[in-house]
Amino acid sequence: MAPETKYTNRPIPRISLHDFEARKDVITASLVSAAEEHGFFAVVDHGIPWSAINAQFLQAERFFALSDEVKATVPFAARNVGWEKQAQVRPSTGQPDQKESYQMQYGPSMDGAWLSEDAIPGFRGASQAFMRQAQGVSEKLMTCLARGLGFDDDHFVRAHDVADPDIQTVLRLLHYLPLDPETPVPETYYRAGAHTDFGLLTLLFQRPGESGLEICPGREVFTEFGRGDTWTKVEPVEGEIICNIGDLLMSWSDDRFKSTFHRVRTPRDPLNDHFGSRYSIAYFNQPIKNCRIQGPLKKYPAVTGAEFMEAAYARFHTAFQSGKAADRALMNAQHASQAASASA
């Protein structure tokens, strides 16, 4: 039986980007505090109107409403683009996330990964325009986070230049599958199991009424993997962007900024939880492959953007395999105990 989840009401810092140039030092101080203490924060007054965010959600609905046969013509590929459905398995659960997603990048990584205009008119242009808006907000945040670490203001911006053909930044549209409130849900079922993000910084767009996001701070070093302890629910608010520090920034800050575990819980309470389709949009700031990554204190050896991401995927795979082995050991122990009880 799965352990009961423990909850606490942590405050989620809310940071305004209003009058950014004049308030850059104040915003930097707020971001550094949030990054050190929480690893999660909400951004408001960021310059992307709700109408633009909602329009991209409508584009996501259009895409996921297409038949699986059509979406399968742009399958998820090793270069981290394309469509997948119930294929991502988290080490924290050992089960596939109950969702489908479509990932987009800039430049040549998307060759052959866009659906045609005939299949979904206007989708490509609208999505690329939204990516540029998300990048604009990201660069403001990167400027302040770099300043807070003592780097040049453009340190992270240069390492995430979307004009570079080797940029790894991703816009991900997500559709969490609907559930029947009358049907019991297995304890191992999560819409998205507990995880951290591999990149520098993630911008998450949500729609009010589509709940489920939860966070669990507490890591001390970026290489740690854990299944979580005490969680906090993060309710969607119209227009807010929820941001979280990724493993890359935790390493790049010499573990000063915290990459926080988060998940999308399974709805269980018909009176309070959202059982219908849930949509979200995530913008993952991931570095140019050949950029140099090392914190100001040089706690970790210098690596390239490509090397860091490859190591992150390797840690993920190792954690998944370790989780499977632990689950098998527990199951064998339970079977042995049951057999001993039956023969007694």
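A salt bridge is a side-chain nitrogen of Lys or Arg within 4 Å of a carboxyl oxygen of Asp or Glu. By this rule the count comes to 17 salt bridges. The structure is a predicted model, and the exercises below work through parts of it.

**Exercise 1. Find which strands stand at the edges of the open sheet of 5 strands, and explain what this leaves without a neighbour.**

Step 1. The order of the strands is E1-E10-E9-E12-E7, and the pairing is mixed.

Step 2. At the edges stand E1 (6–7) and E7 (192–195); each has a single partner strand, so one side of each is without a neighbour in the sheet.

Step 3. E7 is joined to E12 (residues 261–264) by 2 bridges, and these two strands run antiparallel. Histidine 195 has histidine 262 in E12 as its bridge partner.

Step 4. As background, strands of a sheet pair through backbone hydrogen bonds, either parallel or antiparallel.

**Exercise 2. State how many residues the largest nonpolar core has, and which helix gives the largest share of it.**

Step 1. The core has 68 residues. Phe41, Tyr102, Leu141, Phe156, Phe205 and Trp252 have the most contacts inside it.

Step 2. Helix H4 (residues 123–148) supplies the largest share of this core, with 10 residues.

Step 3. Another core, of 14 residues, lies apart from the largest one; Phe40, Tyr176, Ile215 and Ile242 are among its members.

**Exercise 3. Aspartate 254 is buried yet has no salt bridge; determine how far away the nearest side chain of opposite charge is.**

Step 1. Locate the residue: aspartate 254 sits in the loop between helix H6 (247–252) and E12.

Step 2. The nearest side chain of opposite charge belongs to lysine 299, 7.1 Å away. A salt bridge needs the two atoms within 4 Å.

Step 3. Look for backbone partners instead. The side chain of aspartate 254 reaches the backbone nitrogen of leucine 297 at 2.7 Å. A polar atom of that side chain also lies 3.1 Å from the backbone nitrogen of lysine 299.

Step 4. List the surroundings. With neighbours within four places in sequence left aside, aspartate 254 is in contact with Gly295, Pro296, Leu297, Lys298, Lys299 and Tyr300.

**Exercise 4. For the salt bridge of glutamate 61 and arginine 207, say where each residue lies in the chain and whether each is buried or partly exposed.**

Step 1. The two side chains meet at 2.8 Å, N to O.

Step 2. Glutamate 61 belongs to helix H2 (residues 50–65), whereas arginine 207 is in the loop between strand E8 (201–206) and strand E9 (213–216); the pair links distant parts of the chain, 146 residues apart.

Step 3. Glutamate 61 has a relative accessible area of 28% and is partly exposed. Arginine 207, at 11%, is buried.

**Exercise 5. Identify the strands that hold the salt-bridge partners lysine 99 and glutamate 84, then those of arginine 263 and glutamate 214.**

Step 1. In the pair of lysine 99 and glutamate 84, the closest N and O atoms are 3.9 Å apart. Lysine 99 is in strand E5 (residues 99–104) and glutamate 84 in strand E4 (residues 82–85), so the pair ties together parts 15 residues apart in sequence. Both lysine 99 and glutamate 84 are buried.

Step 2. For arginine 263 and glutamate 214, the closest N and O atoms are 2.8 Å apart. Arginine 263 is in strand E12 and glutamate 214 in strand E9, with these positions 49 residues apart in the chain. Arginine 263 and glutamate 214 are both buried.

Step 3. Asp68, Lys71, Lys85 and Glu100 are joined into one network by salt bridges that share partners.

Methods: Residues are numbered from 1 along each chain as its sequence is written. This is a predicted model: local features need pLDDT of at least 70, side-chain atom pairs count only at pLDDT 80 or more; totals for chains, interfaces and linings use all residues. Side-chain values use heavy atoms; hydrogens and water are left out. Two strands pair if DSSP finds at least two bridges between them. Helices (H or I, at least four residues) and strands (E, at least two) are DSSP runs, numbered from the N terminus. A nonpolar core is a set of buried Ala, Val, Leu, Ile, Met, Phe, Trp, Tyr and Cys residues joined through side-chain atoms within 4.5 Å. Buried means under 20% relative accessible area, exposed over 50%, partly exposed in between (1.4 Å probe, protein chains only). Lys and Arg count as positive and Asp and Glu as negative; His and the chain ends are not counted. A polar contact is a pair of N or O atoms within 3.5 Å; within protein, one must be able to donate a hydrogen and the other to accept it, and residues adjacent in sequence count only if both atoms are side-chain atoms. Contact means heavy atoms within 4.5 Å.
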